[in-house]
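Let's take a walk through this one together. Have the viewer open and be ready to jump between residues as we go.

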Amino acid sequence: MSHRPAFQSQRHYNDRISYFSDPSIGNFHFGAFHPMKPHRIVLTHHLVSSYGLHNSMSIFRPRRATEHEMRQFHSADYIDFLKRVTPSNIHSFTLDTLTRFNFGDDCPVFPGMFDFCQRYAGGSLDGAYKLNDGSSDVAINWSGGLHHAKKFEASGFCYVNDIVLAILELLRVHARVMYIDIDVHHGDGVQEAFYVTDRVMTLSFHKYDGHFFPRTGDITEVGVGAGTNFSINVPLKDGIDDESYQSIFQPVVRRAIEHFNPGAIVLQCGADSLGCDRLGRFNLSVRGHGECVRFVRSFNRPTLVLGGGGYTVRNVARCWTWETAVVCGQDIPDEIPSNPYIDYFAPSFLLHDPGITTSSSHAAVGSGMSSSAARAALKEDRAYLKGLEAKVAEIFRRITHAPSVQMQELPPPLTRFGDDADGSSSDSGDEDHPGSDGSGGLDVGDPFRSAGRAGDLIIDDPARQSPGGRGSSRPAGALSSRRDGRFIGRTRSDRLPHVSSVPDDVGCGALLVGAPAKRRAGASADSRPTRARPDDDLDIVGTGRGVGLGASNRPRPGPD
């Protein structure tokens, strides 16, 4: 076929949108037969670039999350294991140790595993920092959204729960955070982490039949203690299409935001809810999936947009590129422009490939169902959704008002801009693997560097180049770094170890986040803003052992 020229989008640059891109993320490989393919992120970045969407937002190269940051949720021994284990030394670990941390076919040990975790978690944390300091309204990290990881163990292709880490950071500034999950699998790791607090409302739309991975997510799972009625589950059936999905998604999300009034939203956009996914069972189109993003953004809350599942690589890239355009407010053509991976999108070479979904009539014929039986099934599904909406509405009626939090001095950020400006980390982990520094392994390139918007955050606003200065969107005391006359946002957390751990006999290893630091010498009592303290009413963060949410050694998601 003749390659189409690159699409030239209208340049409506918006520095309030942050997009995180690590060109090395595609160098990591779970294994030849494993359904998780990090290379899907590379396809997404190249497709975003070929549509010119990089001209509509600020492009960041995220730094790696540090061990200190990952330990804000995960246990120290689990993070230590992640750092130490490699394919070459795995035989030195006992079977009990591997079983304890739930490593096996679903969660294999692969080259560069710890570095991979640092990279995708770093993008989500940096996105949360951007929302917290007020310099962005939306932050996008398609490599994040790995929602199954638990405090003490890996699960469902997920090793470090970047979502929980990002929410914990958002809670330092925002009294309430809402988590919305549109992955076909239940967001069990995030629900479990915040199951006993009213500071976070988790809202998950997923397939549930008691057998589909992770076997959790029934509507009866509503939280315990202070968290009662703040875990909302919307269990859906196989084959749900765009119209049916929106008929339940929009009213439930609207009610949730009205009742909970979140200060920030984290949206997990798992693309395995698309039709024709290798592991999914839904029948959503790229447009239907993107409509969820559009609807959530219509509430104009600070939003962290993350990836998640998605195992048909070409459709994942289509979906997340369209949703990037939705966030940017850009109308992009259906015809995919020329890019290094154009052949992945054959034979249609269309962004909205009609082959992704199956019409109701074709589904009926394919299943041997008569037209009258198909109509009866559709009527039954609509009745089910109406009943489901009524049950969820009853849960919301039990919430009399949005939970309040005592106002305290705003704690200093866990990180400061400018530290470690080259993005390296002293705890970068094992380097003996392909892609640890962007070299070796598959050379995927950086589409944004070749497009002229290279890697590091570039902000031309002079007001942001002086910390705490006039017009600055960063808190006073933040540091800045200058490189080639541009502000480069870099963050580190190991400078401010003021996060207090609670002994394991109190709340199963709970964390109190954001204890106020000592006031700087000479600072007046009125020199710092007052905001919500995250440790108020946040009793337990992630027991990692279920709270009655099912077995820890779970099988791979897929057909029953």
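What follows starts with the whole chain, moves to one strand and its neighbours, and ends with the aromatic rings.

Keep in mind that this is a predicted model. The protein chain has 13 helices and 14 strands. Of its 560 residues, 61% are buried. Now look at the contacts between residues with a separation of 6 or more: 82% of them link residues 24 or more positions apart. As for the outside, the chain exposes about 20,900 Å², and carbon and sulfur atoms supply 51% of that area.

Zoom in on strand 1, which covers residues 17-20. Is this strand buried or exposed on its two faces? Both faces turn out to be covered: Ile-17 and Tyr-19 point to one side, Ser-18 and Phe-20 to the other, and all of them are buried. Strand 1 also has partners. With strand 3 (residues 138-141) it runs parallel, joined by three bridges, and there Tyr-19 stands opposite Ile-140. With strand 2 (residues 58-60) the pairing is parallel too, again over three bridges, and Phe-20 has Phe-60 as its bridge partner. Follow the chain from strand 1 through helix 1 (residues 39-50) to strand 2 and you have traced a right-handed β-α-β unit.

Helix 6 (162-170) comes after strand 3, with a loop in between. How many of the nine residues of helix 6 are buried? The count is nine of nine. Hydrophobic names such as Ile-163, Val-164 and Leu-165 are on the buried list, but so are Asp-162 and Glu-169.

On to the rings. The structure holds 23 aromatic pairs. Take Phe-110 and Tyr-159: their ring centres are 5.9 Å apart and their planes meet at 70°, and since an angle over 60 degrees counts as edge-to-face, that is the label this pair gets. Where do the two residues sit? Phe-110 is in the loop between helix 4 (95-100) and helix 5 (113-132), while Tyr-159 is in the loop between strand 3 and helix 6, so the pair ties together parts that are 49 residues apart in sequence. Phe-110 has a relative accessibility of 2%, so it counts as buried. Tyr-159 comes in at 0%, so it is buried as well.

Tyr-245 and Phe-249 make another kind of pair: this one is stacked, at 6.1 Å centre to centre with 20° between the planes. Both residues lie in helix 8 (residues 242-260), four residues apart, or about one turn of the helix. Tyr-245 is buried, with a relative accessible area of 1%, and Phe-249 counts as buried at 0%.

Back to Phe-110 and Tyr-159, because they belong to one aromatic cluster whose members also include Phe-28, Phe-30, Tyr-78, Phe-81, Phe-93, Phe-101, Phe-103, Phe-116 and Tyr-120. Try selecting that set in the viewer.

Finally, a couple of rings have a charge for company. The charged end of Lys-151 sits over the ring of Phe-152, 5.9 Å from its centre. Likewise, Lys-207 lies over the face of Phe-212, at 5.4 Å from the ring centre.

Note on methods. Residues are numbered from 1 along each chain as its sequence is written. This is a predicted model: local features need pLDDT of at least 70, side-chain atom pairs count only at pLDDT 80 or more; totals for chains, interfaces and linings use all residues. Side-chain values use heavy atoms; hydrogens and water are left out. Buried means under 20% relative accessible area, exposed over 50%, partly exposed in between (1.4 Å probe, protein chains only). Contact means heavy atoms within 4.5 Å. Accessible areas come from the Shrake-Rupley method with a 1.4 Å probe; for residues, only the protein chains shown count as cover. Two strands pair if DSSP finds at least two bridges between them. A crossover is right-handed if, with the strands pointing away from the viewer, the path from the first strand over the helix to the second runs clockwise. Rings of Phe, Tyr and Trp (its six-membered ring) pair if their centres lie within 6.5 Å; planes under 30 degrees apart count as stacked, over 60 as edge-to-face and the rest as tilted. A charge sits over a ring if NZ of Lys or CZ of Arg is within 6 Å of the ring centre and within 35 degrees of the ring normal.
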